[in-house]
Amino acid sequence: MKKTLLLTIALSLICVSSFAQTSRSFKKGYSASLEIGNAVVFGRDMFGGMAQVATVHGYRAGTGVFVGVGLGGLYDMAVPDYAVSLFLDGKYNFVDNKVSPFAAVRTGYRYKGNPSMSGNYVDVAVGVDAGVISVRLGYERFSRLINGESLSKGNSLFCSFAVAF
């Protein structure tokens with residue numbers, strides 16, 4: 001009985017140590033991407049579509065976690081107007097493979113030429129990284145400031161594609 005138990009423990013340790021040697025580790029260090037996307041906007045006094053482009057620069061911690069900052073441009077087709085956004089981006093990859101699903105959160109401030117059309121936003125997304133290509137699907141909540149107060153809110157569903165460099 002003792003020999004069987006010791007043999008089982010020894011084989012388990014060999015299997016675990018050989019698995020640890022062949023496992024990959026998440027990349028660590030600086031990472032950047034260029035993203036394009038579109039969104040469908042809906043909410044009180046808001047409806048339409050938007051086209052977006054953004055660049056994100058940040059740091060990968062080596063554990064699947066990415067934290068970065070981004071700058072984006074947006075064209076609102078419903079009101080023919082442009083906006084600029086500055087945001088924080090957080091992302092977590094679930095597995096360390098060439099194809100890796102992820103969850104992401106982004107929050108920032110969007111500025112349009114008309115201050116009453118500016119405001120804060122938060123979006124949550126899920127997606128897949130496949131090599132240097134990423135696909136994101138998500139939901140955004142936008143709070144528009146009117147005379148310094150957050151009165152009007154909008155929602156959007158979006159899809160975006162990014163290339164890491």
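This report describes a nonpolar surface patch, a buried serine, aromatic pairs and charges over rings in a predicted model.

## Nonpolar surface patch

Seven side chains, V40, F42, V105, V122, V124, Y139 and L157, make a nonpolar patch of about 560 Å² on the surface. Two elements each give two or more residues to this patch: strand 1, which covers 28-43, and strand 6, which covers 119-130.

One of the patch residues, F42, belongs to strand 1. The relative accessible area of F42 is 31%, so F42 is partly exposed. Patch members must have over 30% relative accessible area, and F42 has 31%.

## S118 between two strands

The loop between strand 5 (99-112) and strand 6 contains S118. S118 has a relative accessibility of 1% and therefore counts as buried, since the limit for buried is under 20%.

The side chain of S118 has a polar atom 3.1 Å from the backbone nitrogen of K112. Polar contacts are pairs of N or O atoms within 3.5 Å, and the separation here is 3.1 Å.

## Aromatic pairs

A pair of aromatic rings is described by how far apart the centres lie and by the angle between the planes. The model has two aromatic pairs. In one of them, Y75 and Y82, the ring centres are 4.9 Å apart and the planes meet at 50°, so this pair is tilted. Y75 is partly exposed, at 28% relative accessible area, while Y82 is exposed, at 60%.

Y92 and F94 form an edge-to-face pair, with 5.4 Å from centre to centre and 80° between the planes. The angle for an edge-to-face pair has to be over 60 degrees. Y92 has a relative accessible area of 35% and is partly exposed. F94 also counts as partly exposed, with a relative accessibility of 48%.

## Charges over rings

Two aromatic residues, F102 and Y121, have a charged side chain over the ring. K91 lies over the face of F102, and the distance to the ring centre is 4.3 Å. For Y121, the residue over the ring is R110, whose charged end is 4.3 Å from the ring centre.

Note on methods
Residues are numbered from 1 along each chain as its sequence is written. This is a predicted model: local features need pLDDT of at least 70, side-chain atom pairs count only at pLDDT 80 or more; totals for chains, interfaces and linings use all residues. Side-chain values use heavy atoms; hydrogens and water are left out. Patches are made of residues with over 30% relative accessible area and no salt bridge: like charges are joined within 9 Å, nonpolar side chains (Val, Leu, Ile, Met, Phe, Trp, Tyr) within 5 Å. Accessible areas come from the Shrake-Rupley method with a 1.4 Å probe; for residues, only the protein chains shown count as cover. A salt bridge is a side-chain nitrogen of Lys or Arg within 4 Å of a carboxyl oxygen of Asp or Glu. Helices (H or I, at least four residues) and strands (E, at least two) are DSSP runs, numbered from the N terminus. Buried means under 20% relative accessible area, exposed over 50%, partly exposed in between (1.4 Å probe, protein chains only). A polar contact is a pair of N or O atoms within 3.5 Å; within protein, one must be able to donate a hydrogen and the other to accept it, and residues adjacent in sequence count only if both atoms are side-chain atoms. Rings of Phe, Tyr and Trp (its six-membered ring) pair if their centres lie within 6.5 Å; planes under 30 degrees apart count as stacked, over 60 as edge-to-face and the rest as tilted. A charge sits over a ring if NZ of Lys or CZ of Arg is within 6 Å of the ring centre and within 35 degrees of the ring normal.
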